[in-house]
Amino acid sequence: MVYQLATTMQLNGWVKNDSDGVQICFNASAPIADSFFEKLKEQAPAQSKIISATLVKVKNSPFTDFRIVIDETNKKGRQVLITPDTAL
């Protein structure tokens with residue numbers, strides 16, 4: 001769902017799902033970022049449980065596309081057995 005929405009909105013960045021939850025980093029103007037954030041919360045999959053959601057402005061990064069990131073250096077030793085985008 002995250003990947004599909006981001007690519008539909010032509011955003012560049014990444015999504016990662018780890019033991020701390022879903023993390024998303026992308027480039028967008030403030031109005032587009034707000035729209036993406038609201039759509040994510042409105043269209044969240046039925047099996048998801050949003051405990052908290054925060055939109056934070058960070059330094060612009062040179063992304064060329066939107067991708068799903070797999071963290072190979074899982075320092076906590078825990079794994080999440082669900083894809084970041086269950087709609088795939």
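1. A salt bridge is a side-chain nitrogen of Lys or Arg within 4 Å of a carboxyl oxygen of Asp or Glu. In this predicted model, the side chains of Lys 41 and Glu 38 form such a contact, with an N to O distance of 3.2 Å. By the rule just given, the structure has two salt bridges.

2. Where do Lys 41 and Glu 38 lie? Both are part of helix H2, three residues apart, which is about one turn of the helix. Lys 41 is partly exposed, at a relative accessible area of 33%. Glu 38 is also partly exposed, with 38% relative accessibility. The label applies because partly exposed covers values between 20% and 50%.

3. Another salt bridge joins the side chains of Asp 65 and Arg 67, at 2.8 Å from N to O. Asp 65 is partly exposed, with a relative accessibility of 30%. Arg 67 has a relative accessible area of 45% and is likewise partly exposed. As background, side chains of opposite charge can pair when their charged atoms come close.

4. Next, the sheet. Three strands form an open sheet in the order S2-S1-S3, and the pairing is mixed. S2 and strand S3 (66–68) are the edge strands; each has a single partner strand, so one side of each has no neighbour in the sheet. Neighbouring strands are turned against each other by 10° on average, direction ignored. In general, strands of a sheet pair through backbone hydrogen bonds, either parallel or antiparallel.

5. How do S1 and S2 pair? Strand S1, residues 12–18, runs antiparallel to strand S2, residues 21–27, and seven bridges link the two. One position to look up in the model is Trp 14, whose bridge partner in S2 is Cys 25. The connection from S1 to S2 is a hairpin through two residues.

6. Which residues make up the largest nonpolar core? There are 11 in all: Met 1, Val 2, Leu 5, Ala 6, Leu 11, Val 15, Phe 26, Ala 33, Phe 36, Leu 40 and Phe 66. Helix H1 (2–8) and helix H2 (30–42) each contribute at least two residues to this core.

7. Several elements come up under more than one point. Helix H2 supplies residues to the largest nonpolar core and also holds the salt-bridge pair Lys 41 and Glu 38. Val 15 belongs to that core, and strand S1 covers residues 12–18. Phe 26 is another core member, and strand S2 covers residues 21–27. Phe 66 is in the core as well, and strand S3 spans 66–68.

Methods:
Residues are numbered from 1 along each chain as its sequence is written. This is a predicted model: local features need pLDDT of at least 70, side-chain atom pairs count only at pLDDT 80 or more; totals for chains, interfaces and linings use all residues. Side-chain values use heavy atoms; hydrogens and water are left out. A nonpolar core is a set of buried Ala, Val, Leu, Ile, Met, Phe, Trp, Tyr and Cys residues joined through side-chain atoms within 4.5 Å. Buried means under 20% relative accessible area, exposed over 50%, partly exposed in between (1.4 Å probe, protein chains only). Helices (H or I, at least four residues) and strands (E, at least two) are DSSP runs, numbered from the N terminus. Two strands pair if DSSP finds at least two bridges between them. Axes are lines fitted to C-alpha atoms, for helices over the stretch in contact, and angles run from 0 to 180 degrees between N-to-C directions.
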